[in-house]
Amino acid sequence: MWLAKVAERQMLRPSFVPPPPIRLLRDLTRYRASLVAVRTAEKNRVEKLLEDAQIKLSSVVSDIFGVSGREMLAALLAGEREPAVLAQLARTRMRAKIPLLEEAFVGQFTEHHAFLLRTMLARIDEATADIAALEARIEQLIAPFATVVARLDEITGLGASGAWTVIAEIGLDMSRFPTPAHLCSWARFAPGVNESAGKKKGRGATGHGNRYLGQVLGEAAVAAGRTNTFLGDRYRRLARRRGGARATVAVGRSILVIIWHLLADPDARYRDLGPNYVCHRTDPQRRTRSHVRQLEALGYTVTLIPVA
């Protein structure tokens with residue numbers, strides 16, 4: 001019986017456990033993500049409260065928690081109800097929307113709404129202060145990896161905070177993942193395709209992976225889709241053909257492959273290929289010529305070596 005148990009234990013695959021410094025960083029980045037979600041939920045409650053008071057501020061202002069928006073909300077809490085006075089608190093480019101703001105502030109904002117709004121804004125400010133303290137602590141722990149963060153930050157759509165989460169979730173040692181495909185499979189950014197008799201079956205779902213890493217990759221993919229870059233062009237092209245969800249997974253996987261190469265090779269740097277980069281898959285020679293032309297346009301010197 002004892003020998004059977006030993007044999008059974010040897011068949012278990014080892015889990016991915018990052019070193020202690022990375023685990024400490026992971027605790028902070030995950031707690032930060034939780035606080036950001038809490039703050040976002042409170043902001044949504046504020047918008048719902050204003051809608052209940054028939055104040056359509058979010059229909060005019062893209063961010064009601066900016067400088068102008070917070071001043072308007074503070075005036076509401078101070079007892080100001082005149083739409084014209086509230087609209088005059090707009091700053092810079094928002095002043096062009098003063099007529100629309102006057103219409104948006106025509107509502108029934110009562111003391112009941114003021115009490116709830118004051119409580120919600122206090123929770124938002126408290127969460128913001130806690131997030132700032134966490135980010136300061138993260139920057140202290142991430143200082144030894146500042147070069148890696150800077151290289152990951154160059155990836156379209158990722159950003160510094162996204163680089164923090166990537167390092168915290170997958171570490172820096174890519175020997176644990178022999179190829180980019182291994183990393184994508186572990187992160188569940190590799191949709192399965194079941195095909196039988198020429199027919200594809202199933203939903204092509206990825207399964208449940210690391211939700212913190214998946215959230216960062218998804219946000220980076222959507223952010224890249226708004227840029228005039230190679231990843232942005234790929235996102236928009238896939239979104240037109242297959243939908244936004246599939247485009248997010250596909251571009252998120254591309255970003256994860258780029259991350260693997262940057263972490264596996266300390267000398268590698270990300271460089272965008274541009275929105276017009278095309279890889280011809282049907283004709284290998286045409287693909288090679290096109291690839292060479294595009295690399296030369298980016299300033300690279302390419303030498304073709306004939307293969308027997």
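These questions and answers cover helix packing and nonpolar cores in a predicted model.

Student: How is α10 oriented relative to α12: roughly parallel or roughly perpendicular?

Tutor: The axes of α10 (residues 211-224) and α12 (residues 244-264) come within 8 Å. They cross at roughly 105 degrees. Angles of 65 to 115 degrees count as roughly perpendicular. Therefore α10 is, relative to α12, roughly perpendicular.

Student: How many charged residues are in the contact of α10 with α12?

Tutor: From α10 the contact residues include Leu-213 and Leu-217, and from α12 they include Val-251 and Ile-255. By class, the contact has nine nonpolar and three polar residues. The number of charged residues is none: no charged residues.

Student: Which hand does the crossing of α7 and α8 have, left or right?

Tutor: The axes of α7 (residues 146-153) and α8 (residues 159-170) come within 8 Å and cross at roughly 120 degrees. That angle makes α7 oblique to α8. The crossing of α7 past α8 is right-handed.

Student: Which helix supplies the largest share of the largest nonpolar core?

Tutor: This core has 46 residues. Helices that each supply at least two of its residues include α2 (20-52), α6 (111-142) and α12. The largest share is nine residues, and it comes from α12.

Student: Which residue of α12 in contact with α10 does Leu-152 touch?

Tutor: Leu-152 is among the residues with the most contacts inside the largest core. Beyond four places away in sequence, Leu-152 touches residues including Leu-158, Ala-163 and Ile-259. The α12 side of the contact with α10 includes Ile-259. The residue is Ile-259.

Notes:
Residues numbered from 1 in each chain as written. Predicted model: local features only at pLDDT ≥ 70, side-chain atom pairs only at ≥ 80, totals over all residues. Heavy atoms only, no water. Axes fitted to C-alpha atoms, helices over the stretch in contact; angles between N-to-C directions. Helix = DSSP H or I, 4+ residues; strand = E, 2+ residues; numbered from the N terminus. Parallel < 35°, antiparallel > 145°, perpendicular 65-115°, else oblique. Contact = heavy atoms within 4.5 Å. Nonpolar A, V, L, I, M, F, W, Y, C, P; charged D, E, K, R; others polar. Left-handed = near helix turned anticlockwise from the far one by under 90°. Core = buried A, V, L, I, M, F, W, Y, C linked by side-chain atoms within 4.5 Å. Buried < 20%, exposed > 50% of the residue type's maximum accessible area, 1.4 Å probe, protein only.
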